[in-house]
Each structure stands twice: as C-alpha cells, then as structure tokens.
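User: I'm new to this and could use some help reading a model. Could you take a close look at one part of it, the packed inside and a couple of spots beside it, and talk me through what you find?

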Amino acid sequence: MGNSASQLIASAFTFGTASLVFATMPFLFVLLRGIFKANSGHNAHSSSILSVFAMAFSVHFVSCIGFMLLIKILDALNAVYESNYLQNKIFGIFWARGEDKVFSLSGASGGFEDKGLYLQLHLVQSICDWMFLLMYWVVFIVACAYGLRESKKDVMQSNAMQMFVWILIANVVGAFIFYLWAKIASLAMFIPDGDIVNRIIEGYKGIV
C-alpha cells in the first residue's frame, strides 16, 4: 500500500486511461468495422456510409454517457467523505500538466514511488494530448481523400473546380463530425474548464 498521495496519482492514471478508452475505442471500432465492411461489399454509397457514422455515434454516445454516469454514481456513493471526489480531484490531477502541478494537487512529496507513478501518468497524458492534436490532421487527410474519391467517380466531368468543391464539402462535414465527436467524448473525460476542442486549441497555441 502506498501513501495517499501515491494512491491519488495511481487513481488519476487508472480513471484517466479508462476515460480515454471509453471516449475513443468504441467509436473507432464501429466506424472502421463498418467502413471496411461497406468497401468489401462494393456498396460504399452515401447511404451506407451515413448508416455507419450513425451507428458509430450511437455507440459512442452510449459509451460516453455510460462512463460519465458510472463516475457520477461512484461520486454519489462516496459523497459522505468528499463530494465529487473523482470528477474534481482525480480527473483534476489527470488533466494537470507538469510534475509540479501533479504533485501539488496530489500532495506528493516527490519520492521515488511518486516519481515512478508520475511517469506512468505522464505517458498516458502525452498519448492523450498528442492523439487529440493529430486527430485534427487525420480528419483533414481522410476528408481530402474522400473528396478526391467522390470527385473522380464521374470521370467525364472531373475537373479542378469539381475536385475543390468535393474536398471543401468533405472537410466541412469532417469538421462537423469531429466537433460532434469531441463534444460527446468530453462528457466522459471530465475536463476542467473546457472540453477537448479547447484543449486542442490551447495545445496548438502552446506549440506556436
């Protein structure tokens, strides 16, 4: 058994990782499975793609809401000792960046055990941050590829303007899908002072 500070960091690692899994894996699994299935059957029409996205968002919504309710129930059961312990304390540590902030919020002394647990937490934090930052470009590339694919279906009428229009439409739709995904995912991640979109904006501001 570690001290209470170490337990806080370990809990932040556990619940933060769980929230990341619930907010991403079900959506990606259903989406990729549906797209591969549609393409393998040579029936990747707009209606089939739309049904795949609808199913993916349905599973995504249920997964995120389910995890959010679980955390709120656990906090309600623990309300006698501390109100919103997981939502405020544990997820507050998970979304804190930097060793000093994590140790300050957890009350850690910075001993060997604390530093080891922080390295584990920092790894998940880095994966989470970079995944969100890169996801924007993944959506952009996929949208461009889809727009090019659709513009070339009618070879006789394919031209630069048509390609541009298809790519523009695909990116607008892709941006909306990403925004909707991020808003729903934020419910399961208990981000203090904002959501995933805000974290991405702040992340790029930090890079610039």
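Analyst: Let's start with a word you'll need: a residue is buried under 20% relative accessible area, exposed over 50%, and partly exposed in between (1.4 Å probe, protein chains only). What you're looking at is a predicted model, where local features need pLDDT of at least 70 and side-chain atom pairs count only at pLDDT 80 or more, while totals for chains, interfaces and linings use all residues. Numbering runs from 1 along each chain as its sequence is written, and side-chain values use heavy atoms, with hydrogens and water left out.

Now, Ser 106. It sits in helix H4 (helices are DSSP runs of H or I, at least four residues, numbered from the N terminus). Buried or exposed? Ser 106 counts as buried because its relative accessibility is 7%. Who is around it? Skip residues up to four places away in sequence, and Ser 106 touches Ala 5, Leu 8, Ile 9 and Ile 93 (contact means heavy atoms within 4.5 Å). The Ser 106 side chain also reaches the backbone nitrogen of Ala 108, at 3.4 Å.

H4 (99-106) also helps build the largest nonpolar core, being one of the elements that give two or more residues to it. That core has 47 residues (a core is a set of buried Ala, Val, Leu, Ile, Met, Phe, Trp, Tyr and Cys residues joined through side-chain atoms within 4.5 Å). Helices H1 (4-40), H2 (46-77), H3 (85-94), H5 (112-151), H6 and H7 (196-207) also chip in two or more residues each. Which one gives the largest share? That's H1, with nine residues.

Inside the core, the residues with the most contacts are Trp 95, Val 102, Phe 132, Trp 181, Met 189 and Ile 196. Take Trp 181: leaving out residues up to four places away, it touches Ala 23, Thr 24, Phe 27, Phe 57, His 60, Phe 132, Met 135 and Ile 196. Two of its partners, Phe 132 and Ile 196, are on that most-contacts list too.

Back to H1, which also holds Thr 17. Thr 17 counts as partly exposed because its relative accessibility is 26%. Apart from neighbours within four places, Thr 17 is in contact with Ala 12, Phe 94 and Val 124. Thr 17 and Gln 125 are 108 residues apart in sequence, but 8.6 Å apart in space, C-alpha to C-alpha. Finally, the Thr 17 side chain reaches the backbone oxygen of Phe 13 at 2.7 Å.

How values were computed. Polar contact = N/O pair within 3.5 Å; in protein donor to acceptor, adjacent residues only side chain to side chain.
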